[in-house]
Amino acid sequence: MDEVIVVGAGIGGLTLGIALHQAGIPCRIFESAAELRAVGVGINLLPHATRELAALGLEDALERVAIKTADATFFNRFGQLIHQEPLGRAAGYAHPQFSIHRGDLQMVLRDAFIECAGGDRLITNRHCLGVAQDAHGVTVTFSDGLGGGERYAVQGRVAIACDGINSAVRKQFFPDEGEPRYSGVNMWRGVTRWRPILSGASMIRAGWLSHGKMVIYPIRASGSDGLQLVNWVAEIETPTYRKRDWNRTGALADFIGAFIDWHFDWLDVPAFIRAADSVLEFPMVDQDPLPRWSFGRVTLLGDAAHPMVPRGSNGAGQAILDVRALTTALLENPDPVAALAAYEAQRREATARVVLTNRSNPPDAILREVFQRTHDRPFGNIDDVISRAELAAMSEGYKQIAGYSQEGLSKSS
Ligand SMILES: Cc1cc2nc3c(=O)[nH]c(=O)nc-3n(C[C@H](O)[C@H](O)[C@H](O)COP(=O)(O)OP(=O)(O)OC[C@H]3O[C@@H](n4cnc5c(N)ncnc54)[C@H](O)[C@@H]3O)c2cc1C
């Protein structure tokens, strides 16, 4: 009855489990999947998140499997360089930016949780159906996996819903919210084994959404064949979409036409896409910020609380920042209801700003600005289109909202 019940063993749930255990707060994690498998493709962890993961002792383990991303590089769809800036340690941060396979990240977190808390504290095949509470504690009801017939009731001090964008707990509290909101942009994602592109640690954004935009970055170091595992995302404004399913296979023919002429000296994009291991298709979706996350002894964390469109590399990072705030609140407040309220006060509005800025002015707004000013034509000299100061200001504005400006990070402990 003293335990924290964590629902979901994704990035937020596992990080929370490690942080709670290290803080001496007993917890158990319940995950819907029958086993944790290395699913997903690329994900980025920026210095505000890697600082938290380093504090949990995970930096070395992550460094062994991730790429330390060194620069952000922006091109138009004619392959012309618009802007380049250093990232992570290369930019002077105390902690790196990691580009990593989501599965590798999840496995590092799983192993660390099991090592510190014990394997019996991570229970798979438990799909949360709902939560109930009284003055003394919470009761969380699970089935044996999604759609399973057995029922299990688990009691605890508080319940934290880390069950992702289709959160069952969020649906319980907001039954009329409806499906995730489609942004009008569809994504095709994949990984390709390829020679290092540009610096070999570059996060490349090119083109614009109306005609086709590509995001490309390596997520695993090269092996003996010299090839890296390189993540890519093709993003195109598309009127219709199919419901998000992390495993839905995409068809090359549905999107490669947008990139067919992208033969650049830094990459032959159609050849690179065609060499992919496989292609997945996801709609770019989010939800409007909620008026409330905490209901007595129950609260939301990560995508369950603030799903956002993946245009600022901040989905995993904001979940990790939630963990720090929640752990501190539980340590500082003996009353669990007050603790969850304090956590929400620190994180709800802060993450709402990130959700809304990801819709309107994420880092790739630089591409939109140049696209509009040049009327989608090649430029002679980029300095005649947009000044360095404007580019730097656009980039810095997003960092401040998402909480990873160098100045902001050096001020906060
Ligand atoms: C399979 C999968 C693949 C993904 N691939 C990518 C990717 O390639 N790139 C990217 O940027 N982001 C990806 N994401 C999303 C990304 O992990 C999150 O945006 C971000 O890391 C925030 O983490 P989270 O813990 O809030 O949510 P998630 O990492 O989504 O974790 C939620 C967890 O809760 C579990 N769960 C769901 N419902 C229940 C329930 N009712 N009861 C118990 N457990 C439940 C899920 O199985 C999952 O393990 C993926 C998510 C999933 C689930």
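A polar contact here is a pair of N or O atoms within 3.5 Å; within protein, one atom must be able to donate a hydrogen and the other to accept it, and residues adjacent in sequence count only if both atoms are side-chain atoms. With that in hand, we can start at T374, whose side chain reaches the backbone oxygen of F371 at 3.4 Å.

Some ground rules before going on. The model is a predicted one, in which local features need pLDDT of at least 70 and side-chain atom pairs count only at pLDDT 80 or more, while totals for chains, interfaces and linings use all residues. Residues are numbered from 1 along each chain as its sequence is written, and side-chain values use heavy atoms, with hydrogens and water left out.

## Helix α9 and the loop after it

T374 lies in the loop between α9 and α10; helices (H or I, at least four residues) and strands (E, at least two) are DSSP runs, numbered from the N terminus. T374 has a relative accessible area of 13%, so it is buried; buried means under 20% relative accessible area, exposed over 50%, and partly exposed in between, with a 1.4 Å probe and protein chains only. Not counting residues up to four places away in sequence, T374 touches F379 and V385, where contact means heavy atoms within 4.5 Å.

Which residue with a positive phi follows α9? That is H375, with phi near 50 degrees. D376, in the loop between α9 (365–373) and α10 (388–402), has a positive phi as well, near 55 degrees. D376 counts as buried because its relative accessibility is 15%. For background, most residues other than glycine have a negative phi.

L198 offers another positive phi in a residue other than glycine, near 50 degrees. L198 sits in the loop between β13 (181–194) and β14 (202–208), and its 38% relative accessibility is why it counts as partly exposed.

Back in helix α9, the buried residues include A365, I366, L367, R368 and V370. What covers the buried residues of α9? The cover includes β5 (71–75), β6 (81–86), β14, β15 (212–220), α8 (336–360) and α10. L367 makes a good example: with a relative accessible area of 2%, it is buried. Setting aside residues up to four places away in sequence, L367 touches F74, F75, I82, R205, A206, G207, W208 and K213. L367 and K213 are 154 residues apart along the chain, and their C-alpha atoms are separated by 9.1 Å.

## Nonpolar cores

A nonpolar core is a set of buried Ala, Val, Leu, Ile, Met, Phe, Trp, Tyr and Cys residues joined through side-chain atoms within 4.5 Å. The largest such core has 67 residues, and V4, I5, L16 and I160 have the most contacts inside it. A second, separate core holds 28 residues, among them L87, W208, L229 and V233. Beyond its neighbours within four places in sequence, V4 is in contact with L20, I25, P26, C27, R28, V158, I160 and L330.

## Around the ligand

How many residues surround the ligand? There are 28, and the closest are G12, E31, V41, R102 and D303; a residue is near a molecule if one of its heavy atoms lies within 4 Å of it. By class, this shell has 12 nonpolar, 10 polar and 6 charged residues. Here Ala, Val, Leu, Ile, Met, Phe, Trp, Tyr, Cys and Pro count as nonpolar, Asp, Glu, Lys and Arg as charged, and the others, Gly among them, as polar. At least two shell residues come from each of α1 (11–22), β3 (42–45), β9 (126–133) and α7 (315–332), and β9 gives the most, with 3 residues.

Three polar atom pairs link protein and ligand as follows.

| Protein atom | Ligand atom | Distance |
|---|---|---|
| V41, backbone N or O | oxygen | 2.6 Å |
| R102, side-chain N or O | oxygen | 2.7 Å |
| R189, polar side-chain atom | nitrogen | 3.4 Å |

The protein covers 87% of the 910 Å² of accessible area that the ligand has on its own, with areas from the Shrake-Rupley method and a 1.4 Å probe.

Strand β3 also holds N44, which counts as buried because its relative accessibility is 5%. The side chain of N44 makes polar contacts with the side chains of Q97, at 2.9 Å, and S99, at 2.6 Å. Leaving aside neighbours within four places in sequence, the residues in contact with N44 are T69, Q97, F98, S99, M203, Y217 and S313.
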